[in-house]
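Please look over the structure below before reading on. The text after it goes through the structure one part at a time.

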Amino acid sequence: MKELLGSHVSFSKDKQMLGSVIEALSYHANTFMFYTGAPQNTTRIPIDKDLTVLAHNLMDKENINIENVVIHAPYIINLANPKNFDFNVSFLKEEIKRASSLGIKRIVLHPGSHVGLGIQEGIKNIINALNQVIEEKQEVIVCLETMAGKGSEVGSKLEELKAIIDGIKYSDKIAVCIDTCHLHDAGYDLKEFDSFLEEFDKVIGLSKLLVVHVNDSKNVISSHKDRHENIGYGMIGYNILSKVVHHPRLKDVPKILETPYIGEGKDKYPPYLFEIEMLQSNTINESLIEDVTSYYKAHKNK
Ligand code: FE
Ligand code: FE
Ligand code: ZN
């Protein structure tokens, strides 16, 4: 049986989500995630209805269930900092509307950085902002991502996410996205992934786990760095990541790769076709770099 596995893909001006679906299919993915514009800014184009219908038709034909598709909110929104509160709130509201007009139900959000205010203050600010953003009748669920604990990031401990969730008025609209690189960098030992899931279940509840980001890490456990690495090439390693992907308790949860492109300059290629292949088939590919490079070089010259 195939696992629910895809990657980050792009969302272009001219093809919008139709382009995202086509890209996902080129990786043999059955789910995907995208930013509705550049992640580092908040410039956004209006959603085109015709392109959205075409995207949905293609997903239907290729058995991609829209329920498993994910949008990532831009990471410059920082709800932990009360600065720009009104802008952040209205932008996130707009982003949820965009998700909704695309038919997407899950939006991943970095909780934010408290910029020296302290974790407690940060959590309070996040709760405040999210309660302004989230409406009772919305269908989109905001999934707070576990963070590496770089700088003053909030959300590198499950208890911090739990504290945020507990403050949200419409509690069925808030959930969690775990990121394997971030968990490892934050100090969670993924060698003991079953005990991690037990802990998650105790602290937050497994029914709240709606997205998994599958990434290897360039750094050692507890490094608080957040540098993603290709599957099997980092400090987490292939076996643990494959176990996460095939875990029976996560069967219905979409898993999304956010691993780095391979190569340099304009010879940079997405690793996802080959990473998805090695994870689905549960066999490590020792020549990932070579395979990706030769596949896309051959493609380009056609
Ligand atoms: Fe993220
Ligand atoms: Fe992530
Ligand atoms: Zn990251």
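The paragraphs below deal with a metal site, a histidine beside it, the nonpolar cores and a group of aromatic rings. The model is predicted.

Start with the iron ion (ligand 2). Its coordinating residues are Glu-145 (OE), Asp-179 (OD), His-213 (ND1) and Glu-258 (OE), at 2.1 to 2.2 Å. The angles among these 4 donor atoms run from 82 to 168°, and the site is irregular. Along the sequence, the spacing of the donor residues is E-x33-D-x33-H-x44-E. Glu-145 also coordinates the iron ion (ligand 1), which is 3.3 Å from the iron ion (ligand 2). Because Glu-145 belongs to strand 5 (residues 141-145) and Asp-179 to strand 6 (residues 174-179), the pair ties together parts that are 34 residues apart in sequence. Buried means under 20% relative accessible area. Glu-145 has a relative accessible area of 1%, so Glu-145 is buried. Asp-179, at 0%, is buried too.

Next, find His-72 in strand 3 (residues 70-72). Is His-72 buried or exposed? Its relative accessibility is 1%, so His-72 counts as buried. Leaving out residues up to four places away in sequence, His-72 touches nine residues' worth of surroundings that include Glu-145, His-213 and Glu-258. The side chains of His-72 and His-110 are joined by a polar contact of 3.2 Å. Thr-36 is 36 residues from His-72 in sequence, yet the two C-alpha atoms are 7.8 Å apart in space.

Now turn to the nonpolar residues. The largest nonpolar core has 86 residues, and those that touch the most other members are Met-17, Phe-32, Phe-34, Leu-130 and Ile-164. Met-17 has contacts beyond its neighbours within four places in sequence, among them Phe-11, Phe-32, Phe-34, Leu-102 and Ile-104. Another core, of 9 residues, lies apart from the largest one and includes Met-33, Val-108, Val-211 and Ile-256.

Last come the aromatic rings, which form 12 aromatic pairs. One of these joins Tyr-188 and Phe-196, with 5.3 Å centre to centre and 75° between the planes, and this pair is edge-to-face. Phe-196 also pairs with Phe-193: the ring centres are 5.9 Å apart and the planes are at 20°, so this pair is stacked. Phe-193 and Phe-196 are 3 residues apart in helix 7 (residues 193-203), so about one helical turn separates them. Tyr-188 is buried at 12% relative accessible area, Phe-196 at 3% and Phe-193 at 1%. Together with Phe-200, these three residues form one aromatic cluster.

Notes
Residues are numbered from 1 along each chain as its sequence is written. Chains are lettered from A and ligands numbered from 1 in the order in which they are written. This is a predicted model: local features need pLDDT of at least 70, side-chain atom pairs count only at pLDDT 80 or more; totals for chains, interfaces and linings use all residues. Side-chain values use heavy atoms; hydrogens and water are left out. Helices (H or I, at least four residues) and strands (E, at least two) are DSSP runs, numbered from the N terminus. Buried means under 20% relative accessible area, exposed over 50%, partly exposed in between (1.4 Å probe, protein chains only). Contact means heavy atoms within 4.5 Å. A polar contact is a pair of N or O atoms within 3.5 Å; within protein, one must be able to donate a hydrogen and the other to accept it, and residues adjacent in sequence count only if both atoms are side-chain atoms. Donors are N, O and S atoms within 2.8 Å of the metal (3.2 Å for Na, K and Ca); water is not among the atoms, so sites may look incomplete. Four donors count as tetrahedral if all angles lie between 85 and 135 degrees; four count as square planar and six as octahedral if opposite donors are over 155 degrees apart and all others between 65 and 115; anything else is irregular. A nonpolar core is a set of buried Ala, Val, Leu, Ile, Met, Phe, Trp, Tyr and Cys residues joined through side-chain atoms within 4.5 Å. Rings of Phe, Tyr and Trp (its six-membered ring) pair if their centres lie within 6.5 Å; planes under 30 degrees apart count as stacked, over 60 as edge-to-face and the rest as tilted.
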